[in-house]
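Work through the exercises below with the sequence and the structure open. Try each task before reading its solution.

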Amino acid sequence: MHFAVSIFPTDYSITMPELGRAVEERGLESLWVSEHSHIPVSRKTPWPGGGKLPDVYRDTYDPFVALAAAAAVTSRIKLGTGICLVVQRDPIHTAKQVASLDKLSNGRFLFGVGAGWNLEEMSNHGTAPQSRFALMRERIEAMKAIWSQEEAEYHGSHVDFDPIYMWPKPAQTPHPPIHVGGGFPGGARRAIRYGDGWLPINRRDSDIASEIPKFRAMARDAGRDPERLEVSVFGAAEEADSVARYRDAGAARVLFWLPSVARDELLPRLDKLVQIQREVG
């Protein structure tokens with residue numbers, strides 16, 4: 001099982017080049033970053049974490065710029081979006097950014113995607129909240145066509161374009177793995193339908209370890225090979241027993257939250273994760 005970290009990269013946290021080097025030096029598998037284009041002043045949509053929304057949600061860098069900075073000073077770690085809000089992005093531009101980052105990093109990109117929770121934020125992008133999941137599916141299908149076809153076209157209810165040329169193509173073929181965020185069973189179904197992996201978030205009321213076998217059964221029923229669909233637990237608890245439970249359930253990866261703090265405060269947190277990795281084995 002792979003050990004990974006995720007952060008909201010900001011202008012007051014450790015820099016992405018510093019963090020990328022630190023993650024690679026410690027033998028962790030991957031570095032993921034979150035995305036929010038902005039946070040509306042209106043707080044009508046409650047934060048799923050409960051309480052006051054942390055400032056990092058409004059302060060985070062663009063994920064592709066942040067990951068490019070880390071890619072430039074590393075050679076081994078994988079680089080992921082956790083998650084990219086594709087319902088707030090033009091699919092042609094996003095396909096270009098994904099392909100560019102994957103090419104420049106020599107095939108190290110992991111494309112974590114989701115539809116988001118902040119209804120005002122997505123509405124500012126012209127996205128109707130009630131149809132966001134259908135929109136996400138079509139945008140991902142359209143991007144797959146762009147990455148894999150010389151003359152790509154897509155015709156759906158939400159995304160529609162005639163044949164286009166777009167290069168570079170990603171280094172990974174047919175495209176970087178797509179990890180679909182969301183809970184069980186909705187997020188799991190979407191991952192099975194058009195993803196290469198499922199990316200559930202660990203919450204107090206969730207029991208992802210018990211849901212992994214259900215996810216695999218759903219995949220088999222849908223005609224997908226469950227062994228080809230990775231499960232990555234997002235926001236895993238920093239406890240060896242909890243991590244071992246995910247491992248035993250068949251998770252391919254655990255992602256740990258990192259605080260958006262300066263280098264000297266953050267590096268000991270990374271060292272703690274390395275120790276947990278040794279304990280779990």
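Buried means under 20% relative accessible area, exposed over 50%, and partly exposed in between, using a 1.4 Å probe and protein chains only. Helices (H or I, at least four residues) and strands (E, at least two) are DSSP runs, numbered from the N terminus. The model is predicted: local features need pLDDT of at least 70, side-chain atom pairs count only at pLDDT 80 or more, and totals for chains, interfaces and linings use all residues. Residues are numbered from 1 along each chain as its sequence is written, and side-chain values use heavy atoms, with hydrogens and water left out.

**Exercise 1. Find which residues of helix 9 are buried, and what covers them.**

Step 1. Locate helix 9 at residues 240-249. Its buried residues include Ser-242, Val-243, Ala-244, Tyr-246 and Ala-249.

Step 2. Look for contacts, meaning heavy atoms within 4.5 Å. The cover includes strand 1 (2-7), helix 8 (208-221) and strand 9 (230-234). Strand 10 (253-257) and helix 10 (263-280) also take part.

Step 3. Check what follows the helix. Gly-250 comes after helix 9 and has a positive phi, near 105°.

**Exercise 2. Place Val-98 and His-179, and decide whether each is buried or exposed.**

Step 1. Val-98 sits in helix 4 (residues 91-104). Its relative accessible area is 0%, so Val-98 is buried.

Step 2. List its contacts, leaving out residues up to four places away in sequence. Val-98 touches Phe-64, Phe-109, Phe-111, Trp-147 and Pro-176.

Step 3. His-179 belongs to strand 7. With a relative accessible area of 0%, His-179 is buried too.

Step 4. Among the contacts of His-179, again beyond four places in sequence, are Trp-32, Phe-111, Glu-230 and Arg-253.

**Exercise 3. Describe the ring pairs that involve Tyr-57.**

Step 1. Set the criteria. Rings of Phe, Tyr and Trp (its six-membered ring) pair if their centres lie within 6.5 Å; planes under 30 degrees apart are stacked, over 60 edge-to-face, and the rest tilted.

Step 2. The structure holds 12 aromatic pairs. One of them joins Phe-8 and Tyr-57: the centres are 4.6 Å apart, the planes are at 45°, and the pair is tilted.

Step 3. Phe-8 lies in the loop between strand 1 and helix 1 (16-25), and Tyr-57 in helix 2 (residues 56-59), so the pair ties together parts 49 residues apart in sequence.

Step 4. Turn to Tyr-57 and Trp-117. Their ring centres are 6.2 Å apart with planes at 75°, so this pair is edge-to-face. Trp-117 is in the loop between strand 4 and helix 5 (119-124), 60 residues from Tyr-57. Both Tyr-57 and Trp-117 are buried.

Step 5. Widen the view. Ring pairs link Phe-8, Trp-47, Tyr-57, Trp-117, Phe-234 and Trp-257 into a cluster.

**Exercise 4. Where are the cis peptide bonds at Pro-168 and Pro-185, and what is the phi of Asn-106?**

Step 1. Trp-167 and Pro-168 are joined by a cis peptide bond, with omega about 5°. Pro-168 is in the loop between strand 6 (160-164) and strand 7 (178-181).

Step 2. The bond from Phe-184 to Pro-185 is cis as well, with omega near 10°. Pro-185 is in the loop between strand 7 and helix 7 (186-194).

Step 3. Asn-106 is not a glycine, yet its phi is positive, about 60°. Its loop runs between helix 4 and strand 4 (109-114). Asn-106 counts as exposed, at 67% relative accessibility.
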